Amino acid sequence: MGFYSDVILPRFCDLAMRNKDLLPIRERVIGAAQGRVLEIGVGSGRNLPFYRAPVTEVLALEPAPRLVSMARSASRGTSIPISFLEASAEAIPVEDHSVDTVVTTWTLCSIPRAATALAEMRRVLRPGGRLAFVEHGLAPDDGVRRWQDRLTPVWRCCCGGCHLNRPIRSMIEGAGFRIDKIETSYIPGPRPLTFTYEGSARPN
């Protein structure tokens with residue numbers, strides 16, 4: 001598992017995140033960021049070229065060393081200052097109420113203790129700060145949900161802990177956030193993998 005998780009899985013994740021259908025979504029979510037930004041699970045850095053003013057700084061959090069290295073390469077040439085935090089979202093090494101925007105893109109599916117991570121995101125956000133997110137998760141259609149439940153145990157083992165069936169909206173609201181806006185839809189691809197939640201939320 002060491003070679004797979006350290007070498008194969010980071011490259012697989014990067015390949016999956018190259019999907020051109022994701023580009024307009026990235027642009028919208030990153031475009032909602034402002035001020036001091038904390039990106040949770042920066043991965044191989046696919047979002048980093050999209051950051052522009054009024055973003056003043058990006059804290060790029062990622063627990064996987066190989067992905068941090070890939071993200072550093074992706075950050076070359078960006079005009080926004082970027083600091084890399086090799087750490088878990090379940091224990092964010094950032095002071096309370098010090099971040100204007102938290103960004104998550106296809107990340108909550110794979111955090112082992114997602115409720116703890118969301119509580120940490122709420123802790124670091126300033127009053128009036130915003131969580132900008134796009135995530136895949138539990139679909140509204142019974143047939144698709146059944147497939148998500150069937151596939152998740154194997155998918156989780158093969159894909160870095162990714163859950164296909166997490167109820168993203170209720171997770172965010174249950175962590176003490178108020179949804180400002182949310183849009184849900186299937187993006188192109190197999191339905192159990194592609195039901196998408198996109199929006200923003202603020203701490204209650």
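**Reading a pocket, its rings and its backbone**

Q: Which helix and which strands each supply at least two residues of the lining of the second largest pocket?

A: The lining of the second largest pocket draws at least two residues from each of four elements, namely helix 2 (23-31), strand 5 (125-136), strand 6 (177-186) and strand 7 (195-203). Please keep in mind, as you read on, that this is a predicted model.

Q: What volume does the second largest pocket have, and which residues line the pocket?

A: Its volume is about 150 Å³, and the residues that line it are Arg28, Val29, Ala32, Ala132, Phe133, Lys181, Ile182, Glu183, Glu198, Gly199 and Ser200.

Q: How do the residues of that lining divide into nonpolar, polar and charged?

A: For such a tally, each residue is placed in one class by its type, and glycine goes with the polar ones. In the lining of the second largest pocket this gives five nonpolar, two polar and four charged residues.

Q: Is Glu198, one of the lining residues, buried or exposed?

A: To read burial, we compare the relative accessible area of a residue with a cut-off, and under 20% means buried. Glu198, which belongs to strand 7, has a relative accessibility of 15%, so it counts as buried.

Q: Which side chain does a polar contact join to the side chain of Glu198?

A: The partner is Arg28, whose side chain is joined to that of Glu198 by a polar contact of 2.8 Å. Both Glu198 and Arg28 appear in the lining of the second largest pocket.

Q: How many aromatic pairs does a search of the whole structure find?

A: There are two aromatic pairs when the whole structure is searched. In one of them, the ring centres of Tyr186 and Phe195 are 5.1 Å apart and the planes stand at 70°; because an angle over 60 degrees counts as edge-to-face, that is how this pair is described. In another, Phe195 pairs with Tyr197, again edge-to-face, with 5.3 Å from centre to centre and 90° between the planes.

Q: Which residues do the ring pairs link into a cluster, and which of them are buried?

A: The cluster consists of Tyr186, Phe195 and Tyr197. Phe195 and Tyr197 are both buried, and for Phe195 the relative accessibility is 7%. Tyr186, by contrast, has a relative accessible area of 22%, which means that it is partly exposed.

Q: Which arginine lies over the face of Tyr186, and which over the face of Trp147?

A: Here we ask whether the charged end of a side chain sits above a ring. Arg191 lies over the face of Tyr186, at 4.0 Å from the ring centre, while Arg150 lies over the face of Trp147, at 4.9 Å from the ring centre.

Q: Which residues does a cis peptide bond join?

A: The general idea is that most peptide bonds are trans, and that most residues other than glycine have a negative phi. In this model, Ala53 and Pro54 are joined by a cis peptide bond, with omega about 15°. Pro54 sits in the loop between strand 1 (35-40) and strand 2 (55-61).

Q: Where are His97 and Trp106, which have a positive phi, found?

A: His97, with phi near 50°, is in the loop between strand 3 and strand 4 (99-105). Trp106, whose phi is about 50° although it is not a glycine, is in the loop between strand 4 and helix 4 (114-124). As to their surroundings, His97 is partly exposed at 47% relative accessibility, whereas Trp106 is buried at 13%.

Q: What lies 3.5 Å from a polar atom of the side chain of His136?

A: A contact may also involve the backbone, and in this case the backbone oxygen of Leu193 is 3.5 Å from that side-chain atom of His136. His136 belongs to strand 5 and, with a relative accessible area of 8%, is buried.

Q: How many residues apart in sequence, and how far apart in space, are Leu85 and Val42?

A: Distance along the chain and distance in space are read separately. Leu85 and Val42 are 43 residues apart in sequence and 9.6 Å apart from C-alpha to C-alpha, whereas Arg178 and Gly77 are 101 residues apart in sequence and 36 Å apart in space by their C-alpha atoms. Leu85 lies in strand 3 (residues 82-85) and is buried at 18%, while Arg178 lies in strand 6 and is partly exposed at 41%.

Methods
Residues numbered from 1 in each chain as written. Predicted model: local features only at pLDDT ≥ 70, side-chain atom pairs only at ≥ 80, totals over all residues. Heavy atoms only, no water. Phe/Tyr/Trp six-rings, centres within 6.5 Å; stacked < 30°, edge-to-face > 60°. Buried < 20%, exposed > 50% of the residue type's maximum accessible area, 1.4 Å probe, protein only. Lys NZ or Arg CZ within 6 Å of the ring centre and 35° of its normal. 1 Å grid on protein atoms, 1.4 Å probe; cavity = no way out; pocket = protein on both sides within 12 Å on 5 of 7 lines; lining within 4 Å. Points joined across faces, edges and corners; volume = space filled by probe spheres on them. Polar contact = N/O pair within 3.5 Å; in protein donor to acceptor, adjacent residues only side chain to side chain.
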